[in-house]
Amino acid sequence: MTMVAFTGAVELGLIFALLALGIFVAYRILGVPDLTVEGSFAAGASVGAMLVVAGHPFLGLVASAAVGAGAGLVTSVLQTKLKVQPILAGILTMTASYSVNLYIMGGRSNIPLLREETVFTAAGRVMNNERLLFSLFVTVLVGAALGLFFHTRLGLALRATGDNDEMVRASSINSAFTKTVGLCIANGIAGLSGGLIAQYQGFADINMGFGMVVVAMASLIIGEAVFGRRSVIWNIASVIVGAVIYRLILAFALSFRFNPANLRAISAIIVAAAISFPAIKRQWELFMLKRRAKRGAKSA
């Protein structure tokens, strides 16, 4: 793997780490299997791209996060007010977002940004390695903000809602409100990731959200498999590093001249390996323990 490929993988890993943080908030903090992120990711890319074309790249990132949060709000209303199952609510919002995104993009399925001013070209005027440094800055900033938020009263209530919803309601905390806040934050971060990746890659596509849940889950699981689950701040850091590791693994696999069409299959294999790693580790430890016990019995 060349240095260019390595650097590109790290840059993409940092951007997709935002998406993984969105899944982390929904799946690990709230305990909600939210599939809305695929729609909010694409929505963030489409809105961000349109504002880049209009000459407002930084405002595009803000709008990307806002439209993602809006998608999370729709999902939360379906869950908390209309009592739709979480997975189905996410699927409904994700499905509807396709038409919304197509409308935002003026009926076009692709918006090119190669000749437009982006946040990266603006950052390039004041720093070197602008893609790496700006992606790192945004991701670390979001991760730090999340870490601080989860230690506030509202953040602690949100964490408690994910741990035990019934206990939270018994404590006179509005769990519907905390779920809404959590889903808006999760999808807002996913939308920001979509807006950033559109400016990084130089285009926004209506199908950009397809398979993003797999990417995010892979980053989350790899980070937890390598670093474990401890404090909230530790978990946030592990998700970010896991996203970078995931992209490096993909870049390493593609360096062997795999067909790019097999990228999704490679991603699925990586996720399956990451998920099964703790179980394989436990089986190996149990095997070694039994082996030592047999040796001890023979020596006795």
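**View 1. Phe58 and Phe134 meet as an aromatic pair.** At 44% relative accessibility, Phe58 counts as partly exposed, because that class lies between buried (under 20% relative accessible area) and exposed (over 50%), using a 1.4 Å probe and protein chains only. Phe134, at 10% relative accessibility, counts as buried. This is a predicted model, in which local features need pLDDT of at least 70 and side-chain atom pairs count only at pLDDT 80 or more, while totals for chains, interfaces and linings use all residues. Residues are numbered from 1 along each chain as its sequence is written, and side-chain values use heavy atoms, leaving out hydrogens and water.

Phe58 and Phe134 form an edge-to-face pair, 6.3 Å centre to centre with 75 degrees between the planes. Rings of Phe, Tyr and Trp (its six-membered ring) pair if their centres lie within 6.5 Å; planes under 30 degrees apart count as stacked, over 60 as edge-to-face and the rest as tilted. Phe58 is in helix H3 (residues 57–80) and Phe134 in helix H6 (residues 130–149), so this pair links distant parts of the chain, 76 residues apart. Helices here are DSSP runs (H or I, at least four residues), numbered from the N terminus.

**View 2. Phe58 and Phe134 belong to an aromatic cluster.** Phe120 and Tyr200 join Phe58 and Phe134 in one cluster. Look also for Arg131: its charged end sits over the ring of Tyr200, 4.6 Å from the centre. For a charge to sit over a ring, NZ of Lys or CZ of Arg must be within 6 Å of the ring centre and within 35 degrees of the ring normal.

**View 3. Helices H1 and H10 pack together.** H1 (residues 3–29) and H10 (residues 212–227) pack at an angle of about 80 degrees, with their axes 8 Å apart. H1 and H10 are therefore roughly perpendicular, the word used for angles of 65 to 115 degrees. Among the residues making the contact (heavy atoms within 4.5 Å) are Phe16, Leu19 and Ile23 of H1 and Met212, Val215 and Leu220 of H10.

**View 4. Phe16 and Phe41 form a stacked pair.** Their rings are 6.1 Å apart, centre to centre, with 20 degrees between the planes. Phe16 lies in H1 and Phe41 in helix H2 (residues 37–53), so the pair ties together parts that are 25 residues apart in sequence. Both Phe16 and Phe41 are buried.

**View 5. Gln79 is a buried residue of helix H3.** Gln79 lies in H3 and has a relative accessible area of 10%. Not counting residues up to four places away in sequence, Gln79 touches Val32, Val84, Pro86, Ala89 and Leu183.

Notes:
Axes fitted to C-alpha atoms, helices over the stretch in contact; angles between N-to-C directions. Helix = DSSP H or I, 4+ residues; strand = E, 2+ residues; numbered from the N terminus. Parallel < 35°, antiparallel > 145°, perpendicular 65-115°, else oblique.
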